[in-house]
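Trainee: Before we discuss this entry, could you put the sequence and the structure up, so that we can work through the interior and the open spaces together?

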Amino acid sequence: NVVIVILESFSAAYSAKLTGTETGYMPFLDSLMGQSLWFTHAYANGRRSIDGIPAVTASMPKMMPEAFIESPYAQQPITTLPGLLDAEGYSTSFFHGGHNGTMGFDAFARSAGFHRYVGRDEYPDPADDDGVWGIRDRPFFQFFAHQLDQEPQPFMSCIFSLSSHHPYKLPEADAKRFAGGVLPIMPTLRYVDDALRQFFATAETMPWFRNTLFVITADHTADLLRDGQASGSAYDHWIPLIFYMPSKIAPRQDDQVAQQIDILPTVMDMIGHPEPFFAFGSSALRDEGAPSSVSENSATWLIIGDSAQLRSDGERVLWSAPLGNGAPPDSARVDSLMRQVQAAIQQ
């Protein structure tokens with residue numbers, strides 16, 4: 001089985017394990033990394049949820065002014081995880097506690113080949129609605145676990161959380177329990193992290209758990225403490241990426257650059273899919289080229305490499321910078337990144 005967990009606005013900048021600091025807002029996720037294959041340099045291909053969902057589930061990067069979901073191409077055949085796994089006999093489903101129709105996720109799920117979409121309308125208890133976006137994550141994640149227990153195996157299912165989204169509205173008791181931090185998003189990150197902890201506590205009691213690959217990541221980042229980091233840089237795209245399956249995957253830290261569009265080919269690699277398929281991303285398990293992450297915004301492209309980053313309009317270098325506190329990239333590194341971003345645009 002394959003379960004994809006997409007966490008709303010979970011920036012790696014708020015992980016103690018990824019930042020190497022004592023202060024973090026996702027302690028359970030940090031603890032799970034120690035039991036997983038986890039990436040220290042994983043990046044979102046866009047800055048919005050509507051870009052993150054196709055990137056994660058269909059290896060479809062943001063590459064146009066409009067989101068792929070809203071573009072004329074949205075109904076065309078594309079490679080997707082549910083589509084590839086449907087051919088292997090998997091049942092497939094997409095869960096999001098938001099109101100049905102939010103950002104066209106239900107329409108995209110259908111066109112992507114998910115057999116079933118489960119949203120606010122399908123959830124049984126309206127008392128769990130937050131009054132803004134839909135069903136709070138703690139009850140919805142429990143609902144998700146019990147729904148998976150009824151799925152025919154093998155299954156592929158995706159859940160997209162919502163509670164860590166503006167206006168960051170928590171019940172009074174949870175707001176007190178998870179209080180702390182200087183930004184309103186921080187208590188909600190703790191709340192969602194705890195909802196994830198409770199989900200795994202429930203899932204571990206179920207017969208399908210040991211035969212399930214869990215992939216945990218974020219849709220994008222939000223509300224970042226800058227700490228001197230430039231806007232529009234790699235920092236704005238830095239997210240967690242974890243592959244967790246205790247019976248099969250030995251814990252390991254991977255420092256190579258990975259991106260959301262690498263998730264689909266990596267999953268297919270992990271489960272031993274034998275047939276060829278097209279994807280914009282690459283399997284993170286293979287050394288098949290210079291790892292990098294590419295995204296488009298306002299008619300410019302950002303490419304993030306292992307030690308440097310560069311923004312271009314496709315013809316010229318607009319700016320380049322090191323990753324972290326490294327030395328500025330030399331001309332050879334800049335030329336290499338420029339060729340890579342032009343190749344990505346051409347593809």
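Trainee: Which are the buried residues of α9?

Mentor: This is a predicted model, and in it helix α9, residues 263-270, is mostly covered, with six of its eight residues buried. The elements that cover those buried residues include β1 (2-7), α3, α4, β6 (213-218), β8 (241-244) and β9. The buried residues of α9 are Ile263, Leu264, Pro265, Thr266, Val267 and Met268.

Trainee: Which residue with a positive phi follows α9?

Mentor: The helix itself spans residues 263-270. It is followed by a residue whose phi is near 75 degrees, and that residue is Gly272.

Trainee: Thr80 touches a residue of α9, so I would like to place it; is Thr80 buried or exposed, and why?

Mentor: Thr80 is found in the loop between α3 (49-58) and α4 (81-86). Setting aside residues up to four places away in sequence, Thr80 touches Thr57, Ala58, Ala112 and Leu264. Because buried means under 20% relative accessible area, and Thr80 has 3% relative accessibility, Thr80 counts as buried.

Trainee: Which residue's backbone oxygen lies 2.6 Å from a polar atom of the side chain of Thr80?

Mentor: The residues that Thr80 touches, apart from those up to four places away in sequence, are Thr57, Ala58, Ala112 and Leu264. Of the backbone oxygens, the one lying 2.6 Å from a polar atom of the Thr80 side chain belongs to Ala112.

Trainee: Turning to the nonpolar interior, which helix gives the most to the largest nonpolar core?

Mentor: The largest nonpolar core has 102 residues, and those with the most contacts inside it are Ile4, Leu196 and Phe200. The helix that gives the most to this core spans residues 185-203 and supplies 10 residues, and it is α8. A second, separate core of nine residues includes Ile303, Ala308, Leu337 and Val341, but the helix asked for in the largest core is α8.

Trainee: Which residues does Leu196 touch, not counting those up to four places away in sequence?

Mentor: Leu196 is one of the residues with the most contacts inside the largest nonpolar core. With residues up to four places away in sequence left out, Leu196 touches Val5, Leu7, Phe28, Leu29, Phe141 and Ile216.

Trainee: What is the relative accessible area of Phe141?

Mentor: Phe141 has its place in helix α6, residues 137-148. Leaving aside neighbours within four places in sequence, Phe141 is in contact with Val5, Leu7, Ile159, Ser161, Ala195, Leu196 and Phe199. Phe141 is buried, and its relative accessible area is 1%.

Trainee: Moving to the open spaces, which strand gives the most to the lining of the largest pocket?

Mentor: The largest pocket has a volume of about 670 Å³, and of its 27 lining residues the closest to the centre are Thr19, Gln229, Tyr235, Trp238 and Gly324. The lining divides into 15 nonpolar, 10 polar and two charged residues. At least two lining residues come from each of α1 (16-19), β2 (37-43) and β13 (317-322). The element that gives the most, with three residues, is β13.

Trainee: And which strand gives the most to the lining of the second largest pocket?

Mentor: The second largest pocket holds about 570 Å³ of space, and of its 29 lining residues Gln259, Phe280, Gly281, Ser282 and Ser292 lie nearest its centre. The lining is made up of 15 nonpolar, 10 polar and four charged residues. At least two residues of the lining come from each of β9 (252-259), β11 (300-304) and α10 (331-346). With four residues, the element that gives the most is β9.

Trainee: Among the enclosed spaces, how much space lies in the largest cavity?

Mentor: The count comes to two cavities of 30 Å³ or more. The largest is lined by Glu8, Ser49, His96, Thr102, Met103, Phe105, Trp133, Phe160, Ser161, Leu162 and His165, a lining that divides into five nonpolar, five polar and one charged. The space in the largest cavity is about 60 Å³.

Trainee: Which residues line the second largest cavity?

Mentor: The second largest cavity holds about 30 Å³ of space. Its lining divides into five nonpolar, two polar and two charged residues. The lining residues are Asp130, Val132, Trp133, Leu162, Ser163, His165, Pro167, Tyr168 and Lys169.

How values were computed: Residues are numbered from 1 along each chain as its sequence is written. This is a predicted model: local features need pLDDT of at least 70, side-chain atom pairs count only at pLDDT 80 or more; totals for chains, interfaces and linings use all residues. Side-chain values use heavy atoms; hydrogens and water are left out. On a 1 Å grid over the protein atoms alone, a cavity is a set of points where a 1.4 Å probe fits but cannot get out, and a pocket is an open set with protein on both sides within 12 Å along at least five of seven lines; lining residues have an atom within 4 Å of a point. Grid points are joined across faces, edges and corners, and a volume is the space filled by probe spheres set on the points. Ala, Val, Leu, Ile, Met, Phe, Trp, Tyr, Cys and Pro count as nonpolar, Asp, Glu, Lys and Arg as charged, and the others, Gly among them, as polar. A nonpolar core is a set of buried Ala, Val, Leu, Ile, Met, Phe, Trp, Tyr and Cys residues joined through side-chain atoms within 4.5 Å. Buried means under 20% relative accessible area, exposed over 50%, partly exposed in between (1.4 Å probe, protein chains only). Contact means heavy atoms within 4.5 Å. A polar contact is a pair of N or O atoms within 3.5 Å; within protein, one must be able to donate a hydrogen and the other to accept it, and residues adjacent in sequence count only if both atoms are side-chain atoms.
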